[in-house]
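Welcome, and please open the model in your viewer. We will go from stop to stop, with a note on what to select and what to look for.

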Amino acid sequence: MDLNELKYYAPLVLNGVFITIALMVCSLVMGLLLSSVLTALSFLKFKPLNFIIWLYTFIIRGTPLLVQIFLIYYGSAQFECIRNSFLWHFLKSGFGCTVIALSLNSSGYCVVLFRGLVKSIPQGEFDACLSLGMSKIQMIYSVILSRLIRIAIPSYSNEVAIILKSTSLASTITIMDLMGVTKFLISATYATLPCLFLAGCIYLLINFLIIKLYSLSLKKIYTLRI
Amino acid sequence: MQIDGFILQLISGAKITICISILSILFGVLLGLLWAICALKKEMSILQNSIVIFNSIIRGMPEILIIFGMYFGGAVFINNILHLNISVNPFIVGVLGLALIYGAYAMQVFIGAILMIPHGQIDSGRALGLSPVFTFFHILLPQIFRYSLPGLSNLCLVTLKDSSLVALIGLQDLMFSAQVASNESFKPFTYYMLSALMYLILTSFFEIIFKIIYNKYRHGFK
């Protein structure tokens, strides 16, 4: 692959990078929302709900992401009722399926993480809030949540890196993300090693940028506290 | 729900999944231990730095890219650059790729475990006149395993799940047979659900085995 060819394929690669980042951001936001809701629900002390959440995390953490993606993408087409419902708008596109699968997957891991973090908050803080006469919503919003965000960010960085790596699986269901573009370039140019090398470099670069962004935000958060 | 006789195919696929994950876990543990020891040696700074950089490269790249790179890139490398006429076996590539990924993550676990052992134990081993090799195998290694087992068991489950990626390079594992069955029968949901169930059973089984091993290693230790 010479330089002229690279110039021709550059927009394709950039588009792939854009799709990878879009997939990552969408599934991060959705996963965060879902896992926050599930974590909040799991502290309601309602036994059947707790069992359902446990079962959910057990199933999500016990099966490969590839199976989950295929189950949602190919499996949902088996039922007539899904194909006729409004859900089909999301499920018929590979992008929607990947976002659903990735956010479900990430929420399964995050619920366990967040539960551990909430339990690590000392009981004295809850007691102090109650003794100051705060309502429960006030307590969660102004004391617990700010503390939770501060301790969750370092351990959540792992999850971000994992999701970035997992987005490459979208290439198996016809999404032209960075991995899909790489596969296409390999079959178009027969330059296997340079293409794979390029893809690896771009993934490493994105990962490096995320880690840098994280350390910057961490600095900001820890300086705000003092 | 009808299975249509694909169940035997799924079971034979599950066998290959178990084979490939156990082999790659074994190689990965060896690789991770070797890397951890090399990374902690103070005398060889070039080797140490290169191992750390290589590790962060592997941990920063998607698993599918590593396996594809080893399979397609390896084929190109062997045929066009080394000019050998060898076809690349997906099973070997799968085991090596998964072992590489497992080793890269296991290295971190092992480094943590080695650093948890007080240095005085190595010194007292030396003072008693034990050889460094004997000290390592009889004093350090059992403790390293005790400290690193929880981390390793998590990684083993990750490897078992990552082993589904070898279906993409054409190895007939559980994922691949589920793909074949769903393409043949036009019932994708049934077969992917079945394969998910089998993966779930396998991971639970691995977890139980690791719990037994952990309890054995924790014997006489709080």
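Begin by selecting His83(B), which sits in the loop between α3 and α4 of chain B. Keep in mind throughout that this is a predicted model. Is His83(B) buried or exposed? His83(B) is exposed, because just 7 other C-beta atoms lie within 10 Å and a residue with 12 or fewer is counted as exposed. Look at the backbone here as well: the phi of His83(B) is positive, near 55°, although the residue is not glycine. As background, most residues other than glycine have a negative phi.

**Chain B as a whole**

Now select the whole of chain B. Its secondary structure consists of 8 helices and 0 strands, and its C-alpha trace spans about 70 × 50 × 25 Å along the principal axes. Of its 222 residues, 40% count as buried. Among the contacts in chain B between residues at least 6 apart in sequence, 77% join residues at least 24 apart.

**A pair of helices in chain B**

Next, show residues 90-116 of chain B, helix α4, together with residues 132-162, helix α6. How are these two helices arranged? They pack at an angle of about 160°, and their axes are 9 Å apart. That angle makes α4(B) roughly antiparallel to α6(B). Their crossing is right-handed.

To see where they meet, colour the contact residues. On the α4(B) side, these include Leu98(B), Ile101(B), Tyr105(B), Ala106(B) and Phe110(B). On the α6(B) side, they include Ile144(B), Tyr147(B), Gly151(B), Leu152(B) and Leu155(B). By class, this contact has 14 nonpolar, 3 polar and 1 charged residues.

**Into the core**

Stay with Ala106(B) for a moment. The largest nonpolar core has 91 residues, and Ile69(A) and Ala106(B) are the ones that touch the most other members. The element that gives the most to this core is α4(B), with 15 residues. Leaving out residues up to four places away in sequence, Ala106(B) touches Gly28(B), Val29(B), Gly32(B), Leu152(B) and Leu155(B).

**Where the chains touch**

Now show both chains. How many residues of chain B are in contact with chain A? There are 30 of them, and they meet 26 residues of chain A. The elements of chain B that give two or more residues to this side are α2 (45-60), α3 (63-81), α7 (174-185) and α8 (188-217). Of these, α8(B) gives the most, with 10 residues. The chain B side divides into 19 nonpolar, 8 polar and 3 charged residues.

**An enclosed helix in chain A**

Cross over to chain A and select residues 65-73, helix α3. All 9 of the 9 residues are buried, so this helix is largely enclosed by the rest of the structure. Ile69(A) is one of these buried residues, and Leu65(A), Phe70(A) and Tyr73(A) are also among them. Then add what covers them: this includes α5 (88-91), α6 (94-120) and α8 (136-166) of chain A, together with α7 and α8 of chain B.

For a contrast, select residues 123-131 of chain A, helix α7, which is hardly covered, with 0 buried residues among its 9. After α7(A) comes Gly133(A), whose phi is positive, near 85°.

**A crossing in chain A**

Go next to helix α2 of chain A, residues 47-62, and show α6(A) with it. Their axes come within 9 Å and cross at roughly 120°. This makes α2(A) oblique to α6(A), and the crossing is left-handed. Among the residues that meet are Ile53(A), Tyr56(A) and Arg61(A) from α2(A), and Leu104(A), Gly108(A) and Tyr109(A) from α6(A). The contact divides into 7 nonpolar, 3 polar and 1 charged residues.

Zoom in on Tyr109(A), in helix α6 of chain A. Tyr109(A) is partly exposed, with 18 other C-beta atoms within 10 Å. Apart from its neighbours within four places in sequence, Tyr109(A) is in contact with Arg61(A) and Glu159(A).

**Last stop**

Finish at Tyr190(A), in the loop between α9 (178-189) and α10 (192-225) of chain A. Tyr190(A) has a positive phi of about 60° although it is not a glycine. Tyr190(A) is exposed, with 10 other C-beta atoms within 10 Å.

Methods. Residues are numbered from 1 along each chain as its sequence is written. Chains are lettered from A and ligands numbered from 1 in the order in which they are written. This is a predicted model: local features need pLDDT of at least 70, side-chain atom pairs count only at pLDDT 80 or more; totals for chains, interfaces and linings use all residues. Axes are lines fitted to C-alpha atoms, for helices over the stretch in contact, and angles run from 0 to 180 degrees between N-to-C directions. Helices (H or I, at least four residues) and strands (E, at least two) are DSSP runs, numbered from the N terminus. Angles under 35 degrees count as roughly parallel, over 145 as roughly antiparallel, 65 to 115 as roughly perpendicular and the rest as oblique. A crossing is left-handed if the near helix is turned anticlockwise from the far one by less than a right angle, and right-handed if clockwise. Two residues are in contact if their C-beta atoms, placed from the backbone, lie within 7 Å. Ala, Val, Leu, Ile, Met, Phe, Trp, Tyr, Cys and Pro count as nonpolar, Asp, Glu, Lys and Arg as charged, and the others, Gly among them, as polar. A residue is buried if 20 or more other C-beta atoms lie within 10 Å of its own, exposed if 12 or fewer, and partly exposed in between; C-beta atoms are placed from the backbone. A nonpolar core is a set of buried Ala, Val, Leu, Ile, Met, Phe, Trp, Tyr and Cys residues joined through C-beta atoms within 7 Å.
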